[in-house]
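Me: Could you zoom in on the salt bridges of this model and the sheet around them? How many are there, and what do they connect? Keep it casual, but give me the cut-offs.

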Amino acid sequence: ANGATTTQAAGGVVIGLGGNGAMAVALGKRLGYPAYRYSFEPYWHAGLEGLLVPDDTVRKRALRGGAPAGLTTVVGNLVADAVKASEPVEERGSPHVLLFGGSRDGFALHLIPLMIAVTDRLAAALPGARFVWPVSRLLKEQTVKDGVAGVHAATLGGVGGRLEDGAVITPSGARLELVDEEARYAHMRAADLAI
C-alpha cells in the first residue's frame, strides 16, 4: 500500500475488516506486523500503516476526517466483489428475502425478534417467499436462543418464535431459515430483498 513501512516480522500483516480499527493496530503491535484497516466508515487510527477504502467518495471523507493522503488507498468494494464472485443459491423462492440480525450480541438480542416479526408479516403477503438468516459466527449460541425466544421482543416491536430443524418458526408458522455465515454471499446474490 502507499507509504507502508516494513517494520513487520517476516511475511506478516494485520488487516482489520470491520469493527474497531484500534484493535487492528493493537494486534499488529503485539505480533510485530504493520496494521491496515479496510472500511466503509473511514476513521483513521494512529498506528495504522494504511487505510483501505472502497471508493473515491469514502476516500474524500477519510481525508476530510484527517486520514493521511499518502496512506489512504482505494481498493474497491470487497463485499460487492465477493457477492459477484459467488454462485447464487439454486432454490431462491419468490421472492428470496434475506434478514440480517447483526454480529454483536447486545444488538442481536433485540433485532432477532424484529426479524421474526418481519418474516411473520411478510410471509402472509408473500406465500412463495424464502426467508433466510445468515447467522453471524460471532454471535453466541445463547444470544441466538434468547433472541429467537423473544427475550427482548418488546424493544423493537418484535415477537418470539421457536427453533425447529434449522429454522425459526414464527407465530403464524412461517419459516426463517438459518444458514451458516459462509453462505451469505450466495444468498445475497440470489436475494430480491435484504433487511
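Reply: The salt bridge count comes to six, where a salt bridge is a side-chain nitrogen of Lys or Arg within 4 Å of a carboxyl oxygen of Asp or Glu. Keep in mind that this is a predicted model, where local features need pLDDT of at least 70 and side-chain atom pairs count only at pLDDT 80 or more, while totals for chains, interfaces and linings use all residues. Residues are numbered from 1 along each chain as its sequence is written, and side-chain values use heavy atoms, with hydrogens and water left out.

Start with E177 and R130, whose side chains form a salt bridge at 2.8 Å, N to O. This one connects distant parts of the chain: E177 sits in strand β9 and R130 in strand β6, 47 residues apart. (Helices, H or I with at least four residues, and strands, E with at least two, are DSSP runs numbered from the N terminus.) Both E177 and R130 are buried; buried means under 20% relative accessible area, exposed over 50%, and partly exposed in between, with a 1.4 Å probe and protein chains only.

The backbone joins those two strands as well: β6 and β9 run parallel, with five bridges between them. Strands count as paired if DSSP finds at least two bridges between them. One of these partnerships is V135 with D180 in β9.

Next comes the salt bridge between E181 and R137, at 2.5 Å from N to O. E181 is in the loop between β9 and α6 (184–190) and R137 is in the loop between β6 and α5 (141–149), so the pair ties together parts 44 residues apart in sequence. Buried or exposed, which is each partner? E181 has 15% relative accessibility, so E181 counts as buried, whereas R137 is exposed because its relative accessible area is 60%.

R162 and E164 make another salt bridge, 3.2 Å from N to O. With a relative accessible area of 45%, R162 is partly exposed, and E164, at 34%, is partly exposed too. As for shared partners, R137, E181 and E182 are joined by their salt bridges into one network.

Now the sheet itself. Six strands form an open sheet with mixed pairing, in the order β7-β8-β9-β6-β5-β10. Its edge strands, β7 (162–164) and β10 (193–194), each pair on one side only.

β5 (residues 96–98) pairs in the parallel sense with β6 (residues 130–135) over three bridges, and L98 has V132 as its bridge partner in β6. Helix α4 (residues 105–125) packs on this sheet and touches β6, β8 (167–169), β9 (175–180) and β10, with a direction at about 165° to that of β6. For that angle, axes are lines fitted to C-alpha atoms, for helices over the stretch in contact, and angles run from 0 to 180 degrees between N-to-C directions.

β8 and β9, by contrast, pair in the antiparallel sense over three bridges. There, the bridge partner of I169 in β9 is R175. The hairpin of β8 and β9 has five residues between the strands, and in it G173 takes a positive phi near 100°.

What does the packing around β9 look like? Take L178, which lies in that strand. L178 counts as partly exposed, because its relative accessibility is 24%. Not counting residues up to four places away in sequence, L178 touches W133, V135, V144, L163, G166, A167 and V168; contact here means heavy atoms within 4.5 Å. The C-alpha atoms of L178 and L98 are separated by 10 Å, although these two residues are 80 residues apart along the chain.

A last stop is T143, in helix α5. At 6% relative accessibility, T143 counts as buried. Leaving aside neighbours within four places in sequence, T143 is in contact with D105, A108, L109 and I112.

To pull the β6 and β9 story together: these strands run parallel over five bridges, the E177–R130 salt bridge links one strand to the other, and E181 and R137 pair up from the loops between β9 and α6 and between β6 and α5.
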